[in-house]
Amino acid sequence: MKEYIFLSFAQKIQDHTGIAIEDILKKSKKSEIVLARHMLFYLCSFKRGMSMTEIEGYMNKNGYRIGYNAISYGIDTMVKLLETDPDYIVLVEKLSSID
């Protein structure tokens with residue numbers, strides 16, 4: 001139901017970082033890709049109230065098999081990063097608006 005929002009956030013992250021949506025939605029342990037993915041989880045959860053089950057479903061639908069614990073870990077990582085780096089607060093605000 002909120003897949004449009006999920007994909008819109010992914011597009012905004014792609015536009016800002018230059019990391020292709022396809023890369024965000026595939027298994028990779030490159031730190032910049034992992035951070036982009038965590039940002040996607042955070043935006044969906046904290047800015048639009050998506051449940052982790054919804055996020056998991058959209059990730060799975062787009063080819064990335066991921067579980068609840070990994071999504072929760074990504075969100076927690078972003079929360080900690082936002083507490084220590086004010087630049088990410090600005091970035092989240094910039095990326096959180098959806099037309």
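**Salt bridges and the setting of S28**

S28 is found in the loop between helix α2 (residues 21–24) and helix α3. In this predicted model, S28 has a relative accessible area of 16% and therefore counts as buried, the limit being under 20%. When its neighbours within four places in sequence are set aside, the residues in contact with S28 are I33, V34 and R37.

The confidence assigned by the predictor was examined for the chain and for its elements. The mean pLDDT of the chain is 95, and 100% of its residues reach 70 or more. Helix α3, which comprises residues 31–47, has the highest mean pLDDT among the elements, at 97. The lowest mean, 94, belongs to helix α6, which comprises residues 86–95.

Charged side chains were considered next. A search of the whole structure identifies 3 salt bridges. One of the pairs joins E3 to K61, with the closest N and O atoms 2.7 Å apart. This salt bridge links distant parts of the chain, since E3 belongs to helix α1 (residues 3–17) and K61 to helix α4 (residues 52–61), 58 residues apart. The accessibility of the two partners was also computed. E3 is buried, with a relative accessibility of 19%, whereas K61 is exposed, with a relative accessible area of 58%. The value for E3 falls under the 20% limit for buried residues, and that for K61 lies over the 50% limit for exposed residues.

A salt bridge is also formed between K47 and E93, whose side chains meet at an N to O distance of 2.9 Å. Because K47 lies in helix α3 and E93 in helix α6, the pair ties together parts that are 46 residues apart in sequence. Both partners fall in the partly exposed class: K47 has a relative accessible area of 33%, and E93 has one of 46%. The helices that carry K47 and E93 are those with the highest and the lowest mean pLDDT, respectively.

K26 and D23 form a salt bridge as well, in which the closest N and O atoms are separated by 3.2 Å. K26 is partly exposed, with a relative accessible area of 43%. D23 is likewise partly exposed, at 24%. The value for D23 thus lies between the limits of 20% and 50% that bound the partly exposed class.

Note on methods:
Residues numbered from 1 in each chain as written. Predicted model: local features only at pLDDT ≥ 70, side-chain atom pairs only at ≥ 80, totals over all residues. Heavy atoms only, no water. pLDDT = per-residue confidence, 0-100. Helix = DSSP H or I, 4+ residues; strand = E, 2+ residues; numbered from the N terminus. Buried < 20%, exposed > 50% of the residue type's maximum accessible area, 1.4 Å probe, protein only. Contact = heavy atoms within 4.5 Å. Salt bridge = Lys/Arg side-chain N within 4 Å of Asp/Glu carboxyl O.
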